[in-house]
Amino acid sequence: MHHAIAARLTGLACATLTLAAATSTPATATTPELANVQQALDSLARTSGVVGTIGEVYVDGKRVGQGSAGSRLVGGKGGRIPVGSRYRIGSQTKLLTGTVALQLVKEGRLGLEDKLSDLLPEVASQDIVERADEITVRQLLRHTSGIPNWFTPDLVDIYDFTAYYPPIDLVKKSRSQPRTGEPGEKFSYSNTNYTLLGMIIEKVTGRSLASELRRRLFVPLGMSRTYLAVRPPQGIKGPHGHGYSTDDQGQVHDMDRLNASYGNGSGGVISTSRDISAFYRAFGQGKLLPPALQKLLTDPPENAPSQPPLCGGEPELRVIAGGTASFTSVTFSSPDGRIQFATSTTTNTQDPAAIGRAINQTAKAVLCPGK
C-alpha cells in the first residue's frame, strides 16, 4: 500500500521532517523464517552516512530478534545505542493521529465530510488555509486536500532548536506556497494536513493531542515509553542515538534537540521498537478501527506513488517510515498484525535516500532470507 499517510521511502531524500512509506512484501501465515537481526544491522551500519542503528522483530507480540550496530554518537563514540532506546518515529506519527481522528468519526463526534472552515473557523476567517470551506476531513486524512506542505527548506529552519511555533503558526507558513491541486483531486503529501488534524482533534475533544494519544493508544496498548514531544527543549528521554546534519555553510549540527514544535500530529511522537510494534499489532488486528474507516489509512489514493514488493509474493507486508536530515525510522508490519520489524537509524548524510534503500535491504535480509 502507499496510503493516505504515505510518501515513498526513497522520497526520504526530501528535506522533510515527516515521511511515511508503504508497500507490499511477503509474510507467512505460520511462524516465519527469519535471519539474524544483529548480522543484518551490522551490515546496515557499514553503509556510508549511518551513525547507529537498532531494531527488534516481534511475532505475535513476542520479541524473536534484536540488535544494535554502529554507535550512539558520531565518530564511533558513546558505545552502541541500547536496543530498547526511545527514538523519533517521524511520520509514523501520522498513522497514530489518523487513527485517533477516525475513532472520533466512529464515535460520531467528527464527520469525514465535515469542512475545515467549520471545524477550525480561524483558518478561513484569517485566510490561513485557502479554500478551507471546500476541504474535508477525508481529504486531510488522505493527503488530497491540495494544501501545500509547510515543512520545506524555504519555510522552516531545521537548525532552530529553541523557538516555539504553535501548530497554527506552522500552518500559516504554508499559505505562501501554491496549492498542489483542487480539493479532493489528487494525492500530494503535505505535513500540513496532519498538523490540521491534530488541531481538529484538540478542538473536538477539548484535550491536547498528547493527552488524546496517551488516553486512546499509549495507555490501552501498553506503550508505556511512548509520548508526544510538543515544545522545545523536549527531546528523547534516556540513552539514545544522535543524528547529525550539515548546513549550507558546512557546519555539522547535532540534531538531538530537534525542535519539538515541528512534530505535533504530523511527526512528533517518540517511541521504542517494542511500543510501536504494539501499535501496529493492534492496528493490524482491527482492534483500533472498524474496517471501513481503517481503509482510509491503508487504501492508496489513485495517484499515490508505490514501490515494488520488498521480496515478492503474498501476503503483503506494510512498510511505514519517518525521517529527516538526522534519522530514519521504519516499521515493517504484516497487515494481520502478527509480524513487526521496527528499526531506527541515526544518520550523518546528505543522501537519506541511500539510507532508505539500505534499510529496505536490511529488512529483506531479516524477513525474507534467501530471496
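## A walk from helix 8 to the cavities

The side chains of glutamate 212 and arginine 216 are joined by a polar contact of 2.7 Å. Keep in mind that you're looking at a predicted model, and let's use this pair as our way in.

Glutamate 212 sits in helix 8, which covers residues 209-218. Is this glutamate buried or exposed? Its relative accessible area is 0%, and because anything under 20% counts as buried, glutamate 212 is buried. Look at who surrounds it: setting aside its neighbours within four places in sequence, glutamate 212 is in contact with Val100, Ile201, Thr205, Arg207 and Leu217.

Now zoom out to the whole helix. How many of the 10 residues of helix 8 are buried? The count is 8, so helix 8 is largely enclosed by the rest of the structure. Glu212 and Arg216 are both on the buried list, along with Leu209, Ala210, Ser211, Leu213, Leu217 and Phe218. What do these buried residues pack against? Their partners are helix 2 (92-106), helix 7 (191-205), helix 9 (264-267) and helix 10 (273-284), plus strand 4 and strand 7.

Those two strands take us to a sheet. Three strands, in the order 3-7-4, make up an open sheet with antiparallel pairing. Strand 3 and strand 4 (227-228) are the edge strands, each pairing on one side only. Strand 4 pairs with strand 7 (residues 269-271) in the antiparallel sense over 2 bridges. If you want to spot this pairing on screen, find leucine 228, whose bridge partner in strand 7 is valine 269.

Next, head further along the chain to strand 8, residues 318-324. Here 7 of the 7 residues are buried, so strand 8 is largely enclosed by the rest of the structure. In a regular strand, side chains alternate between the two faces of the sheet. You can follow the two directions here: Arg318, Ile320, Gly322 and Thr324 point one way from strand 8, while Val319, Ala321 and Gly323 point the other way, and all are buried.

Strand 8 has a partner too. A hairpin of 2 residues joins strand 8 to strand 9, and the two strands pair in the antiparallel sense over 7 bridges. Valine 319, for instance, has phenylalanine 332 as its bridge partner in strand 9. After strand 9 (327-333), a loop leads to strand 10, and arginine 338 lies in that loop. Being in a loop doesn't put this residue in the exposed class: at 16% relative accessibility, arginine 338 counts as buried. Arginine 338 is also 61 residues away from serine 277 in sequence, while their C-alpha atoms are 9.7 Å apart in space.

Finally, let's look for empty space inside. Rolling a probe the size of a water molecule over the atoms shows where such space is left. The count here comes to 4 cavities of 30 Å³ or more. The largest cavity has a volume of about 150 Å³. It is lined by 17 residues, with Arg88, Ile236, Gly241, Phe327 and Thr346 nearest its centre. Strand 3 (87-88) and strand 10 (339-347) are the elements that give two or more residues to this lining. By class, the lining of the largest cavity has 7 nonpolar, 7 polar and 3 charged residues.

The second largest cavity holds about 90 Å³ of space. Which of its 13 lining residues are closest to its centre? They are Arg88, Leu258, Gly263, Gly267 and Gly268. The lining of the second largest cavity splits into 7 nonpolar, 5 polar and 1 charged residues.

Methods
Residues numbered from 1 in each chain as written. Predicted model: local features only at pLDDT ≥ 70, side-chain atom pairs only at ≥ 80, totals over all residues. Heavy atoms only, no water. 1 Å grid on protein atoms, 1.4 Å probe; cavity = no way out; pocket = protein on both sides within 12 Å on 5 of 7 lines; lining within 4 Å. Points joined across faces, edges and corners; volume = space filled by probe spheres on them. Helix = DSSP H or I, 4+ residues; strand = E, 2+ residues; numbered from the N terminus. Nonpolar A, V, L, I, M, F, W, Y, C, P; charged D, E, K, R; others polar. Pairing = 2+ DSSP bridges. Buried < 20%, exposed > 50% of the residue type's maximum accessible area, 1.4 Å probe, protein only. Polar contact = N/O pair within 3.5 Å; in protein donor to acceptor, adjacent residues only side chain to side chain. Contact = heavy atoms within 4.5 Å.
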